[in-house]
Amino acid sequence: MQAILQAAAQVLAAEGAARFTTARVAERAGVSIGSLYQYFPNKAAILFRLQSDEWRDTRAMLAALLADTSLSPPARLRAAVHAFVASECEEAAMRQALEDAAPLYRDAPEARAVQSEGFAAVLAFLREAAPRANEATLAIAADVMIGTFKAQGKAVSQRVSTPEAVIAHSEAIADMLCAYLATLDRA
């Protein structure tokens, strides 16, 4: 199954969502179409698996960084921003292709479950970092932070071309979110 997923990622990056087919994936993986269908009933299932794996990897990375109590909350947030933006830049071509295919799986219960895990990790971080803030404020803050991560990570990955510029943009995003974090605990 891993060979099929690797082949699917290669086909998606090379061909895009519009030309992504199970036949191309099977050919790239060196398996019969019947073998592919033993693991994935259709192309939407393959695309969802690629996307959910990416979401899980990103969520695990961010959760680990945000939960590292050896660092201060602002240092954890800064590390998470840098890691997220870097991963968005590394996966820009794949992410765009998956976004093009998103209507095939975006509203699946499994997709919502993975996204809610990410929200829970950010909310847990915020509860610790801003213990005086109420739950409603923290929920809004988690939503704002996740939205900022996604929007700015995507924007940087699409228009920033040098590693130095990626770092500079990541620092600016981190500065903004750390300033916002500082206001939350004053509530």
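## Arg-76 in helix α5

Arg-76 is a residue of helix α5, which covers residues 73-90. The model discussed here is predicted. Arg-76 has a relative accessibility of 1% and therefore counts as buried, the cut-off for that class being under 20%.

A polar atom of the Arg-76 side chain lies 3.3 Å from the backbone oxygen of Asp-68. Asp-68 also appears among the contacts that Arg-76 makes once neighbours within four places in sequence are set aside; the others are Leu-65, Leu-66, Ala-67, Thr-69, Leu-71, Phe-125 and Glu-128.

## Ile-173 in helix α9

Helix α9 spans residues 163-184 and contains Ile-173. Ile-173 is likewise classed as buried, because its relative accessibility is 7%, where the class requires a value under 20%.

With neighbours within four places in sequence left aside, Ile-173 is in contact with Val-81, Val-85, Thr-148, Gln-152 and Val-156. A further spatial relation links Ile-173 to Arg-78: the two residues are separated by 95 residues in sequence, while their C-alpha atoms are 8.5 Å apart.

## Helix α8

Helix α8 comprises 25 residues, numbered 135-159. From its first C-alpha to its last, α8 reaches 36 Å, close to the 36 Å expected at 1.5 Å a residue. At the start of this helix, the backbone nitrogen of Ala-136 has a side-chain oxygen of Asn-134 within 3.1 Å.

The buried residues of α8 are Leu-138, Ala-141, Ala-142, Met-145, Thr-148, Phe-149, Gly-153, Ala-155, Val-156 and Ser-157. An α-helix has 3.6 residues a turn, so residues three or four places apart point the same way. Two of the buried residues, Thr-148 and Val-156, are among the contacts of Ile-173.

## The chain as a whole

The chain contains 9 helices and 0 strands, and its elements follow the order α-α-α-α-α-α-α-α-α from the N terminus. Along the principal axes, the C-alpha atoms fill a box of roughly 60 × 35 × 30 Å. Of the contacts with a separation of 6 or more, 67% join residues 24 or more positions apart.

Of the 187 residues in the chain, 40% are buried. The exposed area is about 9,600 Å², and carbon and sulfur atoms supply 57% of it. The chain carries 18 positive and 21 negative side chains, with the centres of the two sets 4 Å apart.

Methods: Residues numbered from 1 in each chain as written. Predicted model: local features only at pLDDT ≥ 70, side-chain atom pairs only at ≥ 80, totals over all residues. Heavy atoms only, no water. Helix = DSSP H or I, 4+ residues; strand = E, 2+ residues; numbered from the N terminus. Buried < 20%, exposed > 50% of the residue type's maximum accessible area, 1.4 Å probe, protein only. Contact = heavy atoms within 4.5 Å. Areas by Shrake-Rupley, 256 points an atom, 1.4 Å probe, with all protein chains shown as cover. Lys, Arg positive; Asp, Glu negative; His and termini not counted. Charge placed at Lys NZ, Arg CZ, Asp CG, Glu CD. Expected span 1.5 Å × (residues − 1). Polar contact = N/O pair within 3.5 Å; in protein donor to acceptor, adjacent residues only side chain to side chain.
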